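Q: Hi! Could you walk me through this one with me looking at it alongside you?

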Amino acid sequence: MTNDVIIIGAGPAGLSAAITCAKHGMNVVVIDEYYKPGGRLLGQLYEEPDGSWWNGIKESDKLYNQAINSGVQLKLSVPVINIERQGTEWNVFTNMETLQANNLLVATGAAESPAPVPGWTLPGVMSVGAAQVMTNVQRVKPGEKGIIIGVNVLSAAIAQELKLANISVESMTLPKINSMNHDYAIPKNVVNSLLHVSHLSPSPIIKIGSNLMKYKLINKLALKFYPNKGIKMWDIPIQLKKAVTQIYGTDKVEGVTIANVDDYGQIIPKSEKSIEVDFVCISGGLYPLAELAAIAGCPFYMIEELGGYVPLHNERMETPLSGLFVAGNITGIEGAKVAAAQGTVAGLSIVNNTLNSAFEFELEEAIKQVRIIREENPIQFHPHIQNGRKKMQKYWNEYFANNQESFII
Amino acid sequence: MSQRIKYHPLLEDYKDGKNITFIFNSEEYIGIEGDTIASALLVNGIRTLRYHEETGTPHGLYCNIGQCFECRVNVNHQQGVRACITPIEDGMVIKSQDVLPTPVKDWREKHDK
Amino acid sequence: MSDKSMIICRCEEVTYEELIETAEKHKCSARELKLRTRAGMGYCGGRTCRNMVESIPRQYLPNKEQLGLVTLKYQPPIRPVHFGDLGGDET
Ligand SMILES: Cc1cc2nc3c(=O)[nH]c(=O)nc-3n(C[C@H](O)[C@H](O)[C@H](O)COP(=O)(O)OP(=O)(O)OC[C@H]3O[C@@H](n4cnc5c(N)ncnc54)[C@H](O)[C@@H]3O)c2cc1C
Ligand code: FES
């Protein structure tokens, strides 16, 4: 049987799109390889500017219930391994069966980039997101005492979550410098990126940012006056002048070696010390997980503000491939609320394309909504996200100016 | 050994589900309904999920969301099952992948001509 | 363990040193670097190391501004498939 819509990914983007399509009478199947609905929303727990808490498990439940009540069919624990266009249909291959639909939405979210340090393959070293999910979703402590390598919005949010669950975090610090990690291993660069987000209201990193502001006499001096032992955030020292040089242990993590570094990330000789920990979290940020769009043949652009290679798309969440849509973090790294709003746009786009443009007004409104939510969002992963979005729109316009035909059929 | 987080200041209390008995590398363990294979092993103090097929170095959970395949184990004779996204079930027989007797590399060198 | 023996590709256990030396010697593209070292070609399909492996050749390429439009190379299946899955019966 051919479905009207197949959606890959049951995160905020995929579920919001599914709800929108189903409410307009379409027959929708959502596929996700995870065993619970909600995607990366599940692990999230942070304080909103108004003092309330954003509880990802509750938000996921809400979306899930709405989806089920609108008649969405959900297939969990099913990985999609390939997608292919055949005539006017998309074939979606899973490890079990092949499904067909006229409209396909790829909402596969993001993946974590690592910040590798010698010894990072030892059991007990995990991505910071792994610790988040173990703590908030599976409710098992990743360990008794850990250290976080990589200081950014995501790792700061998760440090607080570990603390809330009563897990001891020794400190947040940088990885030892190598030729691949200048962005997040050189104190100057890290301070700069933290200062850039400090105008936003109270997301966790902002607190580091505004603390840093105190030292910001002149931007350059910020680091000079940054105390060696770090500034504390929820009692966790944020050490921007130290770096982990090695993770050690025989068959699991036993500790880390940490050293003082200068403003350029160079190790200060003889400053090395060891600290015993039983787990290590590493964080090099997030990037869009776009492998399925790549296989489909979508053109890609590298847009740093969006977190990496992003499939070409417009504000209606269309790609140049007819019947293929994208929404959520696959289009650029942002918070869950933006992802959900983009999902609604993608859903309306699909409805509108199917029903002879009868929903043009609703679609325009939903697009405006994405912009509003983006501006108000307390969690911003990249300070220049708006620029990134503008670049993508420019690429889209250029692409269609150069390629006379409209969509690739 | 890692502990379960029963009480949380903001999330609902952890609800103890029914006990699940499973086998990992010939030993019997107990997990709780709702655990993944990886979380059930972690509460039992087990971090090493497999040994690298060529070098034999221990590997454990890394991304916990199904993306890195570091946690792959053999479950009821099925290879390559991701422990972090697979709920634990009663009677599951789980095995760590071990060093392959004929490393893939050597095999390739001989056969990939 | 030193920096040099630091593993970049966890699946194939390819080290930083191996990648840097290969990139330096061959001044090659990311694709060639992968084929030569097997980094990013293991079980996970490069989801963890891809960005790092791609950043290395950029350090040795004279023309750094090649970032515009690209067609990303990914091979299906993007998740390993077992014969049992496809045939529908357990092996
Ligand atoms: C580890 C991690 C932690 C994060 N933590 C935060 C945070 O604390 N705060 C915050 O604001 N943002 C966080 N984010 C950003 C997050 O991506 C967004 O907030 C939001 O969840 C994105 O929604 P989405 O619907 O685009 O994707 P997701 O929520 O990531 O959902 C995508 C879904 O697609 C599924 N999927 C992917 N590929 C396949 C496939 N081939 N077959 C089947 N299913 C597939 C995945 O299993 C997943 O469930 C985090 C991201 C990651 C990766
Ligand atoms: S830990 Fe990465 S796939 Fe399971």
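A: Happy to; we can go through the ligand, a helix pair and two backbone details.

A: A quick note first: this is a predicted model, in which local features need pLDDT of at least 70 and side-chain atom pairs count only at pLDDT 80 or more, while totals for chains, interfaces and linings use all residues. Residues are numbered from 1 along each chain as its sequence is written, chains are lettered from A and ligands numbered from 1 in the order in which they are written, and side-chain values use heavy atoms, with hydrogens and water left out.

Q: Cool. Between which chains does ligand 1 lie?
A: Ligand 1 sits between chains A and C.

Q: And how many residues surround it?
A: There are 35 around ligand 1, the closest being A:D32, A:R40, A:Q44, A:V80 and A:N329; a residue counts if one of its heavy atoms lies within 4 Å.

Q: What's the make-up of that shell by class?
A: The shell has 18 nonpolar, eleven polar and six charged residues. Here Ala, Val, Leu, Ile, Met, Phe, Trp, Tyr, Cys and Pro are nonpolar, Asp, Glu, Lys and Arg charged, and the others, Gly among them, polar.

Q: Which polar contacts does A:Q44 make with ligand 1?
A: An N or O atom in the A:Q44 side chain is 2.9 Å from an oxygen atom of ligand 1. A backbone N or O atom of A:R40 is also 2.9 Å from a ligand oxygen atom, and one of A:E33 is 3.1 Å from a ligand nitrogen atom. The cut-off for such N or O pairs is within 3.5 Å.

Q: Switching topic: at what angle do α1 and α3 of chain C pack?
A: About 35°, with the axes of α1(C) (residues 16–26) and α3(C) (residues 50–60) 9 Å apart. Axes are lines fitted to C-alpha atoms over the stretch in contact, with angles from 0 to 180 degrees between N-to-C directions; helices are DSSP runs (H or I) of at least four residues, and strands (E) of at least two, numbered from the N terminus.

Q: Which residues meet there?
A: C:L19, C:I20, C:A23 and C:E24 of α1(C) meet C:V53, C:I56, C:Q59 and C:Y60 of α3(C), contact meaning heavy atoms within 4.5 Å. They divide into six nonpolar, one polar and one charged.

Q: Where's the cis peptide bond?
A: From C:P76 to C:P77, with omega near -5°. C:P77 is in the loop between β3 (69–70) and α4 (83–87) of chain C.

Note on methods: A polar contact is a pair of N or O atoms within 3.5 Å; within protein, one must be able to donate a hydrogen and the other to accept it, and residues adjacent in sequence count only if both atoms are side-chain atoms.
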